[in-house]
Each structure stands twice: as C-alpha cells, then as structure tokens.
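Q: I have a structure open and would like to talk through its side chains with you. Could we start with the charged pairs and then move around from there?
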Amino acid sequence: MKTRNNDESAADRIWRFFASVRLSVVLLLTLAATSIIGTLIPQNADPAAYERKFGQPLYTIFEALNLFDMYRSWWFRLLLCLLIANLVVCSVRRLKSTWKTIFPKKPTYQTERFRKSSGRIQWQVEKAQPGDLKQTLEPYIRSRLGNVSVKNPESQGGVLIFGEKGRWTRLGVYAVHFSVLLLMTGALIGSIFGYEGQMNVPEGEARKQFSLTNTNQSKELDFEVRCDEFEVSHYPSGRPKDYRSDIAIVENGEVVRQHELRVNDPLTHRGVTMYQSTYGKTPGEKLTVVLTESATGDKHEKTISIGETIEMPGGKSELTIEDYSDSFAFRGHNIGPAFLARLVPESGRATPVLLPVEHPSFDRMRRGDYEISVKDVDFRYYTGLQIKQDPGVPVVYAGFLIMIIGCYITFFMSHRKMCVELQPEDTGTRISVAGISTRNRMGTKSAVKKLSRKIENLTSKT
Amino acid sequence: MPNSEFIISVTTFTYGLALVFYIAGWIFKKETPGRLGTTAMIAAGAGNTAGFFLRWAETYEMGYSYVPLSNLYESLVFFSLCIAVIYLFIEFKYKVRTIGIFASLCAFLSVAYASLPSMDSGIQPLIPALQSNWLIAHVITCFIGYAAFAIACGISIMYLGKSAAADPDTGTAGRIPDTETLDDLTHQMVTFGFLFLSIGIITGAIWAEQAWGRYWGWDPKETWSLVTWLIYATLLHARFMRGWTGKKIAVLSCVGFAAVLFTYFGVNLLPGLHSYL
Ligand code: HEM
C-alpha cells in the first residue's frame, strides 16, 4: 500500500512538473538561447575547417556536444520533446476546466464582480420603472448578446440583465498550442518519410534517375521528366532576370503534364515537387578534336564522343575523352568548360590531357608530339532540378493556418460578459452598465460605453 | 518632380522635428509643443508614405516594376513608415504623447540610417528568387511586427523609468501614464507584434518552400527570427507565472526588441561559412 502511494505521488509530481508554466518559460528561453549557438558556429561545414578555426581541444569538445550539427543533436531534440510534453500536459490539464467554463449546464453570473468592475457606467432615468425599461431593453440585449438571463435580485423591484459573447474564444489558446504540435509533427513526418535530391535534364531529353542529397545514392521517380527548353534571361545590367524550363511529365510514354518551371513556381506531381534550382551547359554527342603535329604544324581532325577512344596519327598512342566539366579549376583559376582526356602510348605511362574549350592552345604546355584541342562542341543547356518529397508539408501548413487564426482569436477576441442593472429610485430608475472579460480591458471599457450609449437612446425614446 | 530620395530626406528632418517637439512637450508640460509634435509626426508619416509610393513609381519608370521592399534602404523606409502609422493610431486612441518620443526617435533613426551616403539606395531589378508575392507579404508583416515591438520597447522603457522614479507622480515622471496603463499597452503592442511576426515567419517559410524547396533551414536569419519569436512567447507566458511583475515583463520586452534589432541588422555580421573556408 505504502509503495503504491509513493508511486502515485511520483507520477503526480511528474505530471505537476510538466503542467507548470514555469517550465515552459524555462524551456522557451533555453531553446532561444541554445538556438543562437548554431548561428555563431556555421553548421555542417567541413571538419578540417572547424579544426583550423577552433584548434584541436576546442574542436573535440564542440564535436562531442554536437555543436556542428546542433539542430539535429540529441540534446536539442530532447529540449523539443520536453516542450511538447509540457505543452500537452498543460493543455490537457487546463482544457478540463476550460471545457466546463465553455459549455456550462447553466451560465452563472456573479453580480458583485460587475458592480466592482472598472469602467462601470451609471446614470439615472426619470419617471421610469425598472420593469418597463426591462421590456424595451431585453429584446435589444438579446439581439446583441448570447445566454441572456434576467434576474430580480433582493426582491426590491430591481432587474438584472446578463448577457455574454465569445465564450468559445477561450479555445483560441488551445488552437495556438495545437498548431505548435502540428508543426512539430509535420517536421517529423518530413524527416522520416521525405527525401531530397538533384536531377539534371539536358534540353530535349527525359530523365527518371536523380541523386539524393548528402549521400552517394540515387533514386528513380515513377515518371520521367523531360526538358523541352531551358531559357535564362538577363537584365541589361547583366543580373539574371528569369530561369525557365519548359518541362513535361511523361508516364508510360505519354505526356501527362506540362509546366513552365520557374524559380518560385515549382511543380508538384504525385507528391514529388520539382524546383528550378540550377542550370548549366552540357556537350552534345559529338565533338571534333584537332591534332596539330608539333614539329610540322600539320593538322588532323577527328570526330569523337565522350568515352570513345581514337588512335593518334602514326598509331603510336591512343586518345580517350574521359570526362567533361562545366567549369574546371586549374591551379585555382576557373578556365571554363573543359574535357578531360587520357593519352596512352604503346609502352610507357598514360598522360592526362586537359582540353579547355575556350583555350585551344592550352595543350601546347604539355610539349607532346601533338598539340591537342577541341572544337565544334555542340553545347546544350541542361536544367538542374531540385527534387523533393515531403509528406509533412500539408501538416505544417495546416499548423501555420491554425496558428494565425488561434493567435488572432486569443489576442483580439475575448469572452465578454455584460450586465445591465436597473435599480428603482424615488424619482425613476438608476441604470448601470458593466462588463468583465477574459482580456482586453480597454476593449471591454469601450464596449460598455457603446452599450450604455445605445441603451440611453433606447430609454430616452420611450 | 522631386525624386523619392529627396522626399525621404525631408521626411527624416520632419521626424527629427517631431522628436524635438515631443520632448519639449514632455519636459515643459505644454500643450503647444505636444500638438506641434503630433503635427510633425503626421507630416513625416505622410512624407514617408509619399516617398514609399514614389519609389514604387520609380521602379516602374526604370522598367523593373517591383514593390520597393527588396533591400536594406527600402526596408528602412518601410520600417519608419510602420512605426509612424502604428504610433499615430495609439496616440489618437489613447491620447498619450509621451510614447511619441521613442516612436519618433526610432522612425528618425531608421530613415536617417537609410539616408546615409554609404547606403546603397539604387533601384536594382529583382533576381528570380526575390520575385515572389510571398516575399512581399513576408517583408510587410515582419516590419509591422518589428514596428509594434519597437513601440512596445519604448513603452517598457517608460515603465521602467516610471517605476524607478523617486517621485513617480510629479514632474516629468508624472506626465508618463500610470504603470498599469503602460503595462497594458506593452501587452497590447506585444500581442499585435507577435501576431504579425508569426505571420511574417510563416509567409517567409512558405516563400522558402517555394523558392528553395524547404520551409525551414536553420539559416542565421531564420534562426534569429525564431529566437525573437521565442522571447516574445516567453513574455506572453510570463504573465501566467506568479511572482512575475510588470518590471520583468518590461525587461523581456526590451530584450525582445534587442533580438529584433539583431535579426534585422546583426545577422549579416555573423560568421558565414565563406569567411574562413
Ligand atoms: C512555442 C510554444 C508556445 C507558443 C507559441 C505558445 C503560445 C501561447 C500564446 C500566444 C498564449 C496566449 C497568451 C496570452 O493570453 O496573452 C499562450 C498562453 C498559455 N500558454 Fe502557451 N505557447 C507555447 C508553449 C506553451 C507551453 C509549453 C506551455 C506549457 C505549460 C504553455 C502554456 C500556456 C498557458 C497555461 C497559457 C495561458 C492560457 C490561458 O489563457 O489560460 N504554452 N501560449
């Protein structure tokens, strides 16, 4: 028996711990403070660069604390989990009592609270009985407020008319808290089920395969993406103005969708979203190599494609075009598009040969028997698409919407109760109008003013 | 026709004038300088509005046609405009001019900074990533939020001054509204700012999702806006904690505005990856 009691109180204590607003204040501030770290230390950079910057001892400590990838670290996630636990427990606990307030069997009004409220307005109406005034006022108040009830207190001929508005707005704050849960849930769904990658599609071609970000793996889509045209336009100053890819989605050989893909205007097909992300140039099938005999200056031209091997004049060696780079860095200088080739002699070691498209005499440096260059490269644009699937996005967007609506309700609407009291006096009736609300004292005061002005008009007519 | 930069210079001067009048009205307890302050503030707000729309028209003349909210210069001009409009609304609603000192100071500093010779105020066409309606919504809502927080900070400073004053009910301190009203006003401004900052972060996230395929990426600017948001969320909750007086809340409101300023100006000073790689 005793141990069970202890168990219960331990559970109670945990429950109370998570139900406290103090904890949430601590957690929110801790999250704010720790989030700053990741802006002071650039995240996910090259380890060698970190080591250079911080030195070995500091680097080891930071690494152990996951400071180089802190937003995914265990301790940051733990803080988020604590916040969620805090939020859920707190909301559940409060919702029980709020629910009773929002859906009462019978609304009750405490007269004294109205009598003591600030902003109460009183005035006197001559030659009028509370009962008669009630006849005029009650219908009006019923048209403006809900849950109207009429009482005759202290049996002195007085009349109290209560009404209220916006009981349900007490739920606004739960909507805000629920939206925070939705955001976290959406982010979790995205990190579990989502993927992201990059796909380059040359003009006129279709692709299915794309490479996943941060891994060496690739993945295949259920459909093909064809790029019909890519166009980049510039302002007169040379600034880029627009990147546009005309793409077609091909399923089983049939075009099912066409779209002009632009930055800021992605296309979603079967849950997969494609973004205009980069572009570049890629050489076409064929190019021409020019072989100039160093001794004589005689030129030979041959057509070749990437991956192909040709025999050099004289048959003493073979040339293979192995690869192409959009922008090749040679000793730190970008020499633009270049082909990488390999010259294999009959005997002896292979030599790498660099063939920059824009510098045809580059190979003279090698001082070989032949100076090699390329020409007639048939460049085509390719469009670089970012490929993403994130099933969490709709959940996150729902969270966004609920958060805005919830904040609006919480901040700018309130549960407001009004009370109009009619007290008999010697020469007439004293009218007092008062209001109390969950928030927005100033708003309530002006509502009281408005209601009393309206009542004054109504009562002066009769 | 004068160009927008000239109008903004005149506006800067007028905000400065409003500041002087508001201070004079507060110190000398006179109605006239206070009224002149209001007049100057209205004139400056009108000039600021004209400058904003004129620049918009200028982008059309240059053939770029964009809403002028795309660089630091343009955002500063819009920031001061938001401060002026929100402040004038409060002044008319609650009839308090002392807040005008801080509001006109902030608006003045903002456009004065924009008018510095070193500021690049050229009209540059938008690169593709910036051509987005979500971005326009993002900038507008963020700056409305920032402006509300600026005014909340001013009110909080007045609160702290008033509660620290030896004799809070007489002299210059006596002309500050009572602490209860200040506390209430701070809270109203913070809730207003919080709503708009939330919408600002959300529209920014939607823009990022459309332009870069991610709604959140923990880049320094995003992260700092979240830090700001968390500080104000803390403030909103602090009211429900026992022992938290208006003083602590006023301090939080100042800390929150410091975070706003850092999000706005400071993030560019942070180490980017490229600075040492
Ligand atoms: C990022 C997370 C959170 C956000 C954005 C948030 C937002 C809000 C907002 C806007 C309010 C209304 C404040 C006002 O009435 O002026 C509020 C109230 C409140 N929040 Fe949170 N909150 C968060 C986390 C939490 C957590 C973790 C708890 C856990 C204890 C909590 C407990 C409360 C309570 C008890 C109230 C007062 C509700 C009432 O009026 O009865 N909140 N919150």
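**Charged pairs, cores and surface**

Q: Which helix holds both Glu138(A) and Arg142(A), and how many residues apart are they?
A: This is a predicted model, so every value here is computed from predicted coordinates. Both Glu138(A) and Arg142(A) belong to helix H7 (residues 130–144) of chain A, where they sit 4 residues apart, about one turn of the helix. The two form a salt bridge, with their closest N and O atoms 2.9 Å apart.

Q: Is Glu138(A) buried or exposed? And what about Arg142(A)?
A: Glu138(A) counts as buried because its relative accessibility is 15%, whereas Arg142(A), at 45%, counts as partly exposed.

Q: Why would such side chains pair at all?
A: In general, side chains of opposite charge can pair when their charged atoms come close.

Q: How many salt bridges are there over all chains?
A: The count comes to 29 over all chains. One of them joins Arg364(A) to Glu371(A), with the closest N and O atoms 3.0 Å apart. Arg364(A) counts as exposed at 55% relative accessibility, while Glu371(A) counts as buried at 17%.

Q: What does Glu209(B) pair with?
A: Glu209(B) forms a salt bridge with Lys388(A), and the closest N and O atoms there are 2.8 Å apart. This pair crosses between chains, running from helix H7 (residues 179–212) of chain B, which holds Glu209(B), to strand S20 (residues 379–389) of chain A, which holds Lys388(A). Glu209(B) and Lys388(A) are both buried.

Q: Which residues are linked with Arg115(A) in a network of salt bridges?
A: Glu112(A), Arg120(A) and Glu421(A) are linked with Arg115(A) in that network.

Q: Changing topic: how many residues are in the largest nonpolar core?
A: That core has 120 residues, and those with the most contacts inside it are Met41(B), Ile83(B), Ile99(B) and Ile151(B). Its largest share, 16 residues, is supplied by helix H5 (residues 133–164) of chain B.

Q: What does Ile151(B) touch?
A: Setting aside residues up to four places away in sequence, Ile151(B) touches Ile83(B), Ile86(B), Tyr87(B), Ile90(B), Ile99(B) and Met189(B). Apart from the largest core lies another one, of 22 residues, which includes Leu212(A), Val263(A) and Leu267(A) as well as Ala129(B).

Q: How many disulfides are there?
A: The count is 0 over all chains. Taking Cys106(B) as a case, its sulfur is 7.1 Å from the closest cysteine sulfur, in Cys153(B), and that is too far for a bond because a disulfide needs the two sulfur atoms within 2.5 Å. Cys106(B) counts as buried, with 14% relative accessibility, and Cys227(A) also counts as buried, at 1%.

Q: Where does Thr282(A) lie, and what is it in contact with?
A: Thr282(A) is part of strand S10 (residues 272–283) of chain A. Leaving out neighbours within four places in sequence, Thr282(A) is in contact with Pro202(A), Tyr324(A), Asp378(A), Phe379(A), Arg380(A) and Tyr382(A). Thr282(A) counts as buried because its relative accessibility of 19% is under the 20% limit.

Q: And on the surface, which residues form a nonpolar patch?
A: Trp168(A), Tyr408(A), Phe412(A) and Met413(A) form one, and together they have about 390 Å² of accessible area. Among them, Phe412(A) is in helix H9 (residues 393–412) of chain A and counts as partly exposed, with 33% relative accessibility.

Technical notes: Residues numbered from 1 in each chain as written. Chains lettered and ligands numbered in written order. Predicted model: local features only at pLDDT ≥ 70, side-chain atom pairs only at ≥ 80, totals over all residues. Heavy atoms only, no water. Patch = residues over 30% accessible without salt bridge, like charges linked within 9 Å, V, L, I, M, F, W, Y side chains within 5 Å. Areas by Shrake-Rupley, 256 points an atom, 1.4 Å probe, with all protein chains shown as cover. Salt bridge = Lys/Arg side-chain N within 4 Å of Asp/Glu carboxyl O. Helix = DSSP H or I, 4+ residues; strand = E, 2+ residues; numbered from the N terminus. Buried < 20%, exposed > 50% of the residue type's maximum accessible area, 1.4 Å probe, protein only. Core = buried A, V, L, I, M, F, W, Y, C linked by side-chain atoms within 4.5 Å. Contact = heavy atoms within 4.5 Å.
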